Structure formats: C-alpha cells, structure tokens
Amino acid sequence: MIPSTTLNDGTTIPQLGFGTYLVPPEETAATVGTALEVGYRHIDTAQGYSNEAEVGEAIANSGLARDEVYITSKLNNPNHERDDVLRTFDETLEKLRVDKLDLFLIHWPLPTRYDGDFVSTWKAMVELVEGGRLASAGVSNFQPDHLDRIVGETGFAPVVNQIEAHPYFRNDEARRASHEHAIAVEAWGPLGQGAVLDDDVIGRIASGLERAPSQVILRWHIQRGDIIFPKSMHRERMEENLQIFDFELTPEQMEQIDALDRGPEGRVGPDPDTFDRV
Ligand code: NAD
C-alpha cells in the first residue's frame, strides 16, 4: 500500500510514483502501461519529455478511472510568458487526454532568462488553478530565494518543489526552505540517476537486510518524508521499486546514508541558478 502525502492545498498525492524522463516516446505507452499494471498510480511527465501523448494513451488504455491516477506535468522552458503558459497548458491537457490536471510545475526557474521574471510565470500558474482545470500548481528546481520571491510577491505558495535529491546530494538547503513555506519536497533523480546504486555503504546495508540497493535508497527517501518517482523501463525493477513499504531503516542506517552527502559536488543535474537552456 503506497502512502499518500497531503499537500498545502488539502489535496493528496501518492508518495511513490513513476518517472518518465528519457522514456522514448515510442516506448512510453508500453512502459507506462506496465507501470500502471504493477501498481503505480502517480505518473510524472513534462512538456519537455515529448512523451505526454503516450502517457495519456497508456492511462486511457489502462481501464483505470481518471481519479485513480495522479498525473503531473511541467511547463517547458520556452513557455514562461503568460500566454504561452495558458496555451501550452491546453496542449498538455489534450495530449494527456484529460479535462483536468492534478499537478503542473514550472520546470526550471531560469533566473537568467525572461529578465529573471519567474514571478509572472508563477502568477500565470495560479491563474490556471483559479480557472478550475488545474488542481494544484507547483515548482521545480527552485532555490530558497526563488521560493521567497514567488511566495512574498503573490501570497500563493506552490504545493511542491521538485528538486534533485539523493544520498550524494541531499539538497537540504532547498528542502528546508521548501518546508518553511509548507511546500512538500519531491526528490527527482532519487537513485542519483543510477549513480548511487553501486555505493559500498548502500550495498552493505542492502545485503544485511536482504534487499536491493535501489530499495534501500528509496526507503531512505520515504523515511525522510519526500515524494519520489523512480524511473525504470523493466517490469522487475518497477516491482522492486514498489516493494519498500514492508521494511524500515534504523536511525543508524539513516545516518550512514545521510553521511554520503557530497554537497553540490554530488549533483547529477545542472545548477538551477545558472541553468538557462530554453
Ligand atoms: P532515477 O534516479 O529514478 O534513476 C533512473 C535510473 O536508475 C534508470 O535509468 C535505471 O537505469 C536505474 N534504475 C531504476 N530502478 C532500478 C533498479 N531497481 N535496479 C537497478 N537500476 C535501477 O533518475 P530519473 O529518472 O532522472 O529521476 C526520476 C524522475 O524524476 C524522472 O524520470 C522524471 O520524471 C523526474 N525528473 C525531474 C527533473 C526536473 O528537473 N524536475 C529532472 C530529472 C528527473
């Protein structure tokens, strides 16, 4: 049974979902179809992944009712202007074949683009919620000062901040800042995009528990309270990544994994303060 997290607008989201970054469009319908079959009920996609239509196809073909699957998408970097937010949100709904989306995120803050005006982009996201076809609005890759600005200037806090976080880069500053605004943290790249899987400390804890390294890492995230959506294209791994609610890490094991943090050196993705690809 996958636990739910309650967000600051009263909605709930499954704490464990399925990620679709780098799932090629031609394999997405089958891959997401398998994920839904094995029990995932939360799918994370993005305009920039070019696979929203195939995610929509998989959900439509799954036979599941609309309210049984939580769907997140993200605003692509070229679409930060208000009109583009509204126009491309419509395209996202159409591709996903839904009347209403559960969660839409600003994918990157792009502080060096658009005159650093992600506040206007955030206002357009709030407009979408007020329009009724978006349940919840959030952000991704927002640093503490970015969060302070959007909350301070609009009075609306995002429901989540989706940030890179894993044992090699705990990203505790952005996590703390999110929590201070009652924003839930979604940890992207929970396995460090594979980098953490071969770690010796993780390996030792996993052998002791007779668990896979991936399960130990994902369990660490769950006990930290973050929302995660690991990605795999293999059914056995999808199943393995779901089987993390029947064991617990001790406080000592949590500390050993905490100690693997390398700070910003441990990042596998770009630094949101300088990332500017549109
Ligand atoms: P991840 O940490 O989930 O790692 C994925 C890789 O780990 C896979 O390619 C696979 O090779 C390996 N793997 C997964 N399960 C395994 C298992 N049980 N055993 C062995 N190997 C296994 O990386 P990710 O896909 O980048 O992150 C998860 C999701 O987060 C993405 O799919 C996407 O939805 C989201 N994401 C968001 C952003 C953002 O900027 N907001 C950036 C990257 C990813």
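Modeller: Accessible areas come from the Shrake-Rupley method with a 1.4 Å probe, and for residues only the protein chains shown count as cover. The model is predicted, with local features needing pLDDT of at least 70 and side-chain atom pairs pLDDT 80 or more, while totals for chains, interfaces and linings use all residues. Residues are numbered from 1 along each chain as its sequence is written, and side-chain values use heavy atoms, without hydrogens and water.

Biologist: What share of the area that the chain exposes do carbon and sulfur atoms supply?

Modeller: In this predicted model, the area that the chain exposes comes to about 12000 Å². The share of that area supplied by carbon and sulfur atoms is 45%.

Biologist: How many of the 278 residues, as a percentage, count as buried?

Modeller: A residue is buried under 20% relative accessible area, exposed over 50%, and partly exposed in between, with a 1.4 Å probe and protein chains only. Applied to the 278 residues of the chain, this rule gives a buried share of 54%.

Biologist: What radius of gyration does the chain have?

Modeller: The C-alpha trace of the chain spans about 55 × 40 × 35 Å along its principal axes. For a compact globule of 278 residues, a radius of gyration near 19 Å would be expected, by a rule of 2.2 Å times the number of residues to the power 0.38, taken over C-alpha atoms. The chain agrees with that expectation, because its own radius of gyration is 18 Å.

Biologist: How many helices and strands does the chain have?

Modeller: Both are DSSP runs numbered from the N terminus, helices being H or I with at least four residues and strands E with at least two. By that count, the chain has 10 helices and 10 strands.

Biologist: What percentage of contacts between residues at least 6 apart in sequence join residues at least 24 apart?

Modeller: Contact here means heavy atoms within 4.5 Å. Among the contacts in the chain between residues at least 6 apart in sequence, the share joining residues at least 24 apart is 75%.

Biologist: Which residues are buried in helix α6?

Modeller: Helix α6 runs over residues 172–180, and the cover of its buried residues includes α5 (144–154), β8 (160–164), β9 (184–188) and α8. The buried residues of α6 are Asp172, Ala174, Arg175, Ala177 and Ser178.

Biologist: Which residue just after α6 takes a positive phi?

Modeller: The chain leaves helix α6 with a residue whose phi is about 60°. That residue is Ala182.

Biologist: What distance separates the C-alpha atoms of Asp145 and Ala177?

Modeller: Asp145 belongs to helix α5 and is partly exposed, with a relative accessible area of 46%, whereas Ala177 is one of the buried residues of α6. The two residues are 32 residues apart along the chain, yet their C-alpha atoms are separated by 8.6 Å.

Biologist: Where is Tyr114 found?

Modeller: Tyr114 is a residue other than glycine with a positive phi, near 50°. Its relative accessible area is 25%, so Tyr114 is partly exposed. Tyr114 is found in the loop between β6 (101–106) and α4 (118–131).

Biologist: Is Asp115 buried or exposed?

Modeller: Asp115 is likewise placed in the loop between β6 and α4, and phi of Asp115 is also positive, near 55°, in a residue other than glycine. Because its relative accessible area is 81%, Asp115 is exposed.
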